[in-house]
Amino acid sequence: MYQEYAWKKYVDQKDEQINAFADSYKEFISKGKTERLCVSLGVELCKKAGFKDIKDCKQLNPGDKVYAVNRHKNLAAFVIGDEPLTEGLAILGAHIDSPRMDLKQNPLYENETFSYLDTHYYGGIIKYQWVTIPLALYGVIVKKDGTTVSISIGDQPNDPVVGITDLLIHLSGEKLQKTAAKVIEGEGLDLLIGSIPLTDEEKDPTKKAILKLLKEKYDIEEEDFVSAEIEVVPAGPARDFGLDRSMIAGYGHDDRVCAYTSLRALVDTPKCKKTTCAVLVDKEEVGSIGATGASSMWFENVVAELISLTDDYNDLKLRKALTNSFMLSSDVSAGFDPLYPSVMERKNSAFIGKGICFNKYTGSRGKSGCNDAQPEFIAKLRRIMDQEEICYQTSELGRVDQGGGGTIAYILANYNMNVIDAGVPVLSMHSPMEIVSKVDVYEAYLAYKAFLKNI
Ligand code: MN
Ligand code: MN
């Protein structure tokens with residue numbers, strides 16, 4: 001069902017399943033505001049479905065279900081298929097990092113009896129969207145003795161929130177002459193976190209009061225921020241959006257909407273011919289680099305381990321397994337926004353409500369940096385989508401010459417496997433309140449299941 005409005009498929013009130021799925025997804029992103037939290041929620045989901053930690057496995061047979069975790073920030077789950085791994089895997093890959101602000105290593109300072117935390121933004125954000133909204137703090141502080149303190153402030157009903165102030169309109173005449181890129185600058189993204197000074201302290205009394213509070217509540221010193229990883233994210237849960245409740249507003253749809261639908265598809269799909277996999281990676285928003293990004297050796301190593309647990313391992317088997325694999329690089333697409341039609345080319349745009357979106361290529365300035373999927377692979381996917389009556393569409397990221405972007409697709413394609421981008425269209429991407437359609441979330445879930453079963 002190519003380029004059709006997916007709600008039409010559900011006119012006869014079959015939408016309870018869409019809403020039930022949307023509710024479980026809303027819970028996932030409301031709780032999973034960091035990579036670490038997404039991984040622990042993912043592990044919970046896997047364990048409930050009978051998946052075992054790969055570390056506890058001595059041998060694996062068709063039908064066995066396993067998961068592997070890397071540094072609290074990557075999760076890969078597998079259902080061993082009937083075919084040997086050398087025939088390739090069916091892989092769903094998504095990222096669980098989202099644009100935000102991170103605390104700097106020396107974040108805390110005082111200015112005019114206000115206490116602030118200094119931040120460094122992560123990924124592409126339009127900075128003016130992040131001021132004057134309630135923000136939450138999530139993450140870990142690892143102390144010198146190796147103990148980890150978890151931080152979660154701003155999402156419980158009685159929690160305080162923090163935030164970034166902005167200048168009042170009455171005095172903004174000069175500021176409003178600046179370009180939008182400059183009106184709020186990176187070093188201006190400082191969080192206001194306190195205003196009560198400690199009595200009898202002459203120097204930095206408010207900062208000292210905050211340090212006292214942190215000591216009492218978490219038993220941490222100022223220097224412990226040096227080995228902390230604290231993310232500043234929008235406070236509040238994901239919610240139904242629109243009078244008809246057709247959409248979901250929330251933080252982190254990019255790309256937790258594809259991560260959740262991919263993982264659910266994997267968990268909810270019984271043993272297939274191929275070994276099936278959902279892999280959730282970190283650092284996509286900053287170039288997929290590092291130990292927990294898609295470029296890391298980690299995923300390759302896990303597949304090597306799978307081979308050694310199902311077969312006699314050798315290097316050629318690993319290479320064959322990767323080369324013969326098929327992958328959906330599950331990442332969000334830019335939804336067509338009728339308020340901004342000029343940056344899109346309408347007949348090659350993704351529309352909210354038309355189902356999962358395939359991107360043959362992404363890239364910018366003439367497809368630069370893109371993975372350009374093979375037409376043979378796309379034809380096969382069209383067959384599967386039509387056979388399973390799934391609403392799907394295709395798009396590119398905006399008009400040629402307008403800008404662009406990339407995903408993890410090209411990285412896995414370096415193994416010479418078949419990879420294409422496929423995901424849910426999003427409005428207001430990278431903003432604190434991204435919007436997706438419930439029906440697209442559900443169609444993506446169905447599409448991922450169809451892919452695992454039929455590829
Ligand atoms: Mn993304
Ligand atoms: Mn992104």
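This report covers a three-strand sheet, the two helices packed on it, a manganese site and the salt bridges.

The model is predicted: local features need pLDDT of at least 70, side-chain atom pairs count only at pLDDT 80 or more, and totals for chains, interfaces and linings use all residues. Residues are numbered from 1 along each chain as its sequence is written, chains are lettered from A and ligands numbered from 1 in written order, and side-chain values use heavy atoms, with hydrogens and water left out.

## Sheet

Three strands form an open antiparallel sheet in the order 11-12-22. Helices (H or I, at least four residues) and strands (E, at least two) are DSSP runs, numbered from the N terminus. Strands pair if DSSP finds at least two bridges between them. Strand 11 and strand 22 are the edges, each with a single partner strand, so one side of each has no neighbour in the sheet. Neighbouring strands are turned by 35° against each other on average, direction ignored. Axes here are lines fitted to C-alpha atoms, for helices over the stretch in contact, and angles run from 0 to 180 degrees between N-to-C directions.

Strand 11 (residues 239-241) pairs with strand 12 over three bridges. R239 has A249 as its bridge partner. Five residues separate the two strands in their hairpin, where G242 takes a positive phi near 100°. On to the other edge: strand 12 meets strand 22 (residues 434-437) over four bridges. There A249 stands opposite I435, and M247 stands opposite S437.

Strand 12 (residues 247-250) is covered on both faces: M247 and A249 on one side, I248 and G250 on the other, are all buried. Buried means under 20% relative accessible area, exposed over 50%, and partly exposed in between (1.4 Å probe, protein chains only).

## Helices

Helix 5 (residues 253-268) lies across strand 12 and strand 22, at about 35° to strand 22. Helix 10 (residues 438-454) lies across strand 11, strand 12 and strand 22, at about 65° to strand 22. Contact means heavy atoms within 4.5 Å.

In helix 5, 15 of the 16 residues are buried, so the rest of the structure largely encloses it. Helix 5 reaches 21 Å from first to last C-alpha, close to the 22 Å expected. The expected span is 1.5 Å times one less than the number of residues. Helix 10 has 13 of its 17 residues buried. Its end C-alpha atoms are 24 Å apart, in agreement with the expected 24 Å.

## Manganese site

Which residues coordinate the manganese ion (ligand 2)? The donors are D254 (OD), E285 (OE), E285 (OE) and H430 (NE2), at 2.0 to 2.6 Å. Donors are N, O and S atoms within 2.8 Å of the metal (3.2 Å for Na, K and Ca); water is not among the atoms, so sites may look incomplete. D254 also coordinates the manganese ion (ligand 1), 3.4 Å from ligand 2. D254 sits in helix 5 and H430 in the loop between strand 21 (425-426) and strand 22, 176 residues apart. D254 is buried at 3% relative accessible area; H430 is buried at 18%.

## Salt bridges

The structure holds 33 salt bridges. Each is a side-chain nitrogen of Lys or Arg within 4 Å of a carboxyl oxygen of Asp or Glu.

| Pair | N to O distance |
|---|---|
| K33 and D155 | 2.9 Å |
| K208 and E201 | 3.2 Å |
| E216 and K212 | 3.6 Å |

K33 is buried at 1%, while D155 is partly exposed at 22%. E216 and K212 lie four residues apart in helix 4 (residues 205-218), about one turn. A network of salt bridges links D23, K26, D240, R245 and K438.
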